[in-house]
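Morning, everyone. I have one structure to walk through today. Let me put it on the screen.

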Amino acid sequence: MIVAGGVAWFVPEPTVPSTTTNHARTEKTQLPRHQLTLLGLTFITYLLIWGVQLKLPSYFSARHFGNAATINLTLAAMNIGGLLAGLTFGYLYRYLHRFTLTLGYAGAAISVLVLWLASNATVAIGAAVFFNFIYSYTGPYLVFTSNTGLDTIQVNVLSSYLTIATIISAFFAPLVWNSLGQLGPQTLTANVLIWIMLILGGLALITGSHHPRKEV
């Protein structure tokens, strides 16, 4: 968090060649509103995945789905699922375009629901791995579409902002989910999964019904 804040505050903007002089000048790079919206969505997206990964060990422990080795293997398998999603993103995007994001949110919401309802370790592990697989389509989509239509300087600035957003989301995740976990009829961990499921479902509805500018 401190590093991200330092980068945002102290690192200077890239220099842009002046059209009127031979000297380089520094000017504030403005991002379009569409990119700022995607930046905020990136923050929320990573906040949600941190919530699942933070609460998964305590959830498995509370439901007696295995020991520490079980959760470690589950987290490792989740990372492999995310890797497979990254490798297949380009192929899926060619067919679904903007609905790639909707698929990621909707699939993740369903997997969290299955995880919440799971009655045994096998189902819970499968739901957790599928969550990381299907949800990992959202990150590449957000990065790819955020850069679309920008010039080189704007891409550099946006890349910095995206990095800061992911770092800050990790910092705020425990604070946000521990607070929201207090609101609900069940245990803190189970309530967090309910909140995550509802937010993911809402994002799926919003992105599925929203008609953005034409994609390339």
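Before the tour, one term. When I say polar contact, I mean a pair of N or O atoms within 3.5 Å; within protein, one of them must be able to donate a hydrogen and the other to accept it. With that in hand, take the side chain of T102: one of its polar atoms sits 3.3 Å from the backbone nitrogen of G208. I will come back to that residue.

A caution. This is a predicted model. Please keep that in mind for every distance I quote.

Now the overall picture. The protein has 216 residues, and 38% of them count as buried. Its secondary structure comes to eight helices and two strands. Starting at the N terminus, the order is α-β-β-α-α-α-α-α-α-α. So much for the layout.

Next, contacts and surface. Take the contacts between residues at least 6 apart in sequence: 77% of them join residues at least 24 apart. The exposed area is about 11800 Å². Carbon and sulfur atoms supply 69% of that area.

Let's go to helix α4. It covers residues 99-117, which makes 19 residues. How far apart should its ends be? At 1.5 Å a residue, the helix should span 27 Å, and the end C-alpha atoms are indeed 27 Å apart, so the two agree.

What does α4 bury? The list is T100, L101, T102, G104, Y105, G107, A108, A109, S111, V112 and L115. And which helices do these residues pack against? Five partners: α2 (33-62), α3 (68-96), α5 (121-135), α6 (138-147) and α8 (188-209). On spacing in such lists, a reminder: an α-helix has 3.6 residues a turn, so residues three or four places apart point the same way.

Back to T102. It belongs to helix α4. Is T102 buried or exposed? Its relative accessibility is 13%, and the cut-off for buried is under 20%, so T102 counts as buried. Leaving out residues up to four places away in sequence, T102 touches A204, T207 and G208. With T207, there is a side-chain to side-chain polar contact of 3.0 Å. With G208, it is the backbone nitrogen that takes part, at the 3.3 Å I gave earlier.

Two C-alpha distances go with this. T102 and L203 are 101 residues apart along the chain, yet their C-alpha atoms are separated by 7.5 Å. T102 and L205 are 103 residues apart in sequence, and 7.6 Å apart C-alpha to C-alpha. L205 itself lies in helix α8. Is L205 buried or exposed? Its relative accessible area is 64%, and anything over 50% is exposed, so L205 is exposed.

Second site: S169. You will find it in helix α7, residues 152-180. Its relative accessible area is 0%, so S169 is buried. What does S169 touch, beyond residues up to four places away in sequence? The answer is F43, Y46, L47 and W50. With W50, the side chains share a polar contact of 2.9 Å. The side chain of S169 also reaches the backbone oxygen of T166, at 2.6 Å.

Now the loops. Two histidines deserve a look at their backbone angles. H64 has a positive phi of about 60°, and it is not a glycine. It sits in the loop between α2 and α3. H64 has a relative accessible area of 70%, so it is exposed. Then H97: again not a glycine, again a positive phi, here about 50°. H97 is in the loop between α3 and α4. Its relative accessible area is 38%, so H97 is partly exposed.

Last stop, the surface. Which residues form the nonpolar patch with about 420 Å² of accessible area together? They are I80, L83, L84 and L87. Take L84 as one of them. It lies in helix α3. At 44% relative accessible area, it falls between the 20% and 50% cut-offs, so L84 is partly exposed.

To recap the two polar sites. T102 pairs with T207 at 3.0 Å, side chain to side chain. S169 pairs with W50 at 2.9 Å, also through side chains. That's my tour. Back to you.

Note on methods
Residues numbered from 1 in each chain as written. Predicted model: local features only at pLDDT ≥ 70, side-chain atom pairs only at ≥ 80, totals over all residues. Heavy atoms only, no water. Helix = DSSP H or I, 4+ residues; strand = E, 2+ residues; numbered from the N terminus. Expected span 1.5 Å × (residues − 1). Buried < 20%, exposed > 50% of the residue type's maximum accessible area, 1.4 Å probe, protein only. Contact = heavy atoms within 4.5 Å. Patch = residues over 30% accessible without salt bridge, like charges linked within 9 Å, V, L, I, M, F, W, Y side chains within 5 Å. Areas by Shrake-Rupley, 256 points an atom, 1.4 Å probe, with all protein chains shown as cover. Salt bridge = Lys/Arg side-chain N within 4 Å of Asp/Glu carboxyl O.
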